[in-house]
Amino acid sequence: PLCPSLYKPGGHNEHSPVIFEREQVVVCRTPQAGTKFLRDLTVSYVNSNIDTFPPDESMHAGFQHINPTLDKVTSVDDFHHYLFGDNAKRVMVVRHPVTRILAGFYEIASTQPDKFWKTLYGFDESHGSGPKAFEHWLKYSKFVTQDYHSDCVSNGSASMGVLDQSLHPQLQEWAPGQHCRCGINDCGVQWEIYKIEEVPVYNAIAGYLPSLQNMIVKKKLAKDNILETYTEDQFDANAYLTDEVLNILNPLTKEEQDFFGYEPYQSKKIYSL
């Protein structure tokens with residue numbers, strides 16, 4: 001099939017783009033760049049009632065079987081239409097590579113510490129999910145030397161390929177680079193890019209889904225400010241992104257930064273007088 005990397009079953013991850021069929025919109029999902037919002041939005045959308053957003057757990061149950069993702073498209077013509085056709089709109093929400101890696105680290109290291117440190121990276125013990133742990137991971141694990149691929153190919157026989165990373169339930173949170181996802185590198189798929197630092201994910205998608213736009217305009221969710229919860233990190237990036245850490249991550253992610261037009265990440269230090 002065309003673009004084999006996107007023809008793989010997505011499973012319980014964000015590997016395969018999601019389709020909003022009525023509007024002919026395809027969204028490339030990048031973990032840590034608005035994917036929780038997109039998951040909830042898609043559940044409400046498939047239930048044909050955007051007013052159910054955010055959906056409750058009962059609506060999520062069994063959703064994987066009807067999740068409208070690109071890997072479920074069986075017609076080659078339809079597959080080509082969504083990825084390359086003039087009448088389909090292709091949208092991708094991205095994040096600065098440095099903060100995306102940090103967010104992915106924090107999500108897995110804080111919720112599955114043994115899985116992260118022992119199973120994935122072979123440490124004898126868990127080191128937690130704080131700033132020192134993040135620096136320790138970057139310096140002493142195989143992430144920098146093997147896991148992150150700026151050229152979108154494996155860096156040797158000991159390394160997992162970018163497709164396998166994208167399909168992995170944990171590794172997908174920080175690898176591969178965003179420019180290695182959604183057929184950009186291997187198939188030349190072109191996406192309309194939105195940076196979450198400039199446009200909140202819900203505003204980016206609302207430009208393509210009138211029902212979502214109407215919901216935001218009516219401020220149906222303003223009473224509990226639920227939309228904002230999708231844009232808030234659970235950690236203080238300034239505490240993690242020290243000069244020493246940035247001296248590792250900025251050079252590592254330079255190609256990805258350049259691809260999406262990001263500047264090297266600057267630490268936001270607060271100096272007291």
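**Exercise 1. Describe the disulfide that joins Cys 28 to Cys 182, and then set the other disulfide of this predicted model beside it.**

Solution. A disulfide joins Cys 28 to Cys 182, with an S to S distance of 2.0 Å, and the structure, which is a predicted model, holds two disulfides in total. The torsion about the S-S bond of Cys 28 and Cys 182 is 85 degrees, which makes this link right-handed. Cys 28 belongs to strand β2 while Cys 182 sits in the loop between α8 (162-167) and α9 (184-187), so the pair ties together parts that are 154 residues apart in sequence. Both ends of this link, Cys 28 and Cys 182, are buried.

The second disulfide runs from Cys 152 to Cys 180, with an S to S distance of 2.1 Å. Here the angle about the S-S bond is -85 degrees, and the link of Cys 152 and Cys 180 is left-handed. Cys 152 is found in the loop between α7 and α8 and Cys 180 in the loop between α8 and α9, 28 residues apart, and the pair is one that links distant parts of the chain. Cys 152 and Cys 180 are both buried.

**Exercise 2. Starting from Cys 28, work out how strand β3 is paired and whether β3 is enclosed or not.**

Solution. The bridge partner of Cys 28 in β3 is Met 92, and this belongs to a parallel pairing in which strand β2 (residues 25-28) and β3 share four bridges. The next step is to turn to strand β4 (residues 192-195), which also pairs with β3 in the parallel sense, over four bridges. Within β4, Lys 195 is the residue that stands opposite Val 94. Finally, five of the six residues of strand β3 (residues 89-94) are buried, so β3 is largely enclosed by the rest of the structure.

**Exercise 3. Analyse the salt bridges, asking for some of them which elements they connect and how exposed their partners are.**

Solution. The count of salt bridges comes to seven. As a general point, side chains of opposite charge can pair when their charged atoms come close. Take Lys 36 and Asp 40, which form a salt bridge whose closest N and O atoms are 3.6 Å apart. Lys 36 and Asp 40 both lie in helix α1 (residues 35-46), four residues apart, or about one turn of the helix. Asp 40 counts as buried because its relative accessibility is 8%, and the cut-off for buried is under 20%.

A second bridge links Glu 244 with Lys 139, the closest N and O atoms being 2.4 Å apart. Because Glu 244 lies in helix α14 (residues 243-252) and Lys 139 in helix α6, this pair ties together parts that are 105 residues apart in sequence. Glu 244 is partly exposed, with a relative accessible area of 43%, and Lys 139 is partly exposed as well, with 35%.

The side chains of Asp 258 and Lys 254 also meet in a salt bridge, at 2.6 Å from N to O. Asp 258 and Lys 254 are four residues apart in helix α15 (residues 254-260), which separates them by about one helical turn. Asp 258 is partly exposed at 46% relative accessible area, and Lys 254 is partly exposed at 49%. Salt bridges that share partners further join Glu 135, Lys 139 and Glu 244 into one network.

**Exercise 4. Locate helix α6 relative to the largest nonpolar core, and then examine the residue Pro 131.**

Solution. The largest nonpolar core has 30 residues, and those with the most contacts inside it include Phe 134, Trp 137 and Leu 249. At least two residues of this core come from each of α4 (97-111), α5 (113-120), α6, α13 (237-240) and α14, and α4 gives the most, with seven residues. Leaving aside neighbours within four places in sequence, Leu 249 is in contact with residues including Phe 134, Leu 138 and Leu 241. Apart from this core lies another, of 25 residues, among them Val 93 and Tyr 230.

For α6, the buried residues are Ala 133, Phe 134, Glu 135, Trp 137 and Leu 138, and the buried residues of α6 pack against α4, α5, α7 (143-147), α13 and α14. Pro 131 lies in this helix, which spans residues 131-140, and is partly exposed, with a relative accessible area of 33%. Not counting residues up to four places away in sequence, Pro 131 touches Ala 239 and Tyr 240. The C-alpha atoms of Pro 131 and Asn 238 are separated by 9.3 Å, although the two residues are 107 residues apart along the chain.

Conventions. Residues numbered from 1 in each chain as written. Predicted model: local features only at pLDDT ≥ 70, side-chain atom pairs only at ≥ 80, totals over all residues. Heavy atoms only, no water. Buried < 20%, exposed > 50% of the residue type's maximum accessible area, 1.4 Å probe, protein only. Contact = heavy atoms within 4.5 Å. Salt bridge = Lys/Arg side-chain N within 4 Å of Asp/Glu carboxyl O. Pairing = 2+ DSSP bridges. Core = buried A, V, L, I, M, F, W, Y, C linked by side-chain atoms within 4.5 Å. Disulfide = S-S within 2.5 Å.
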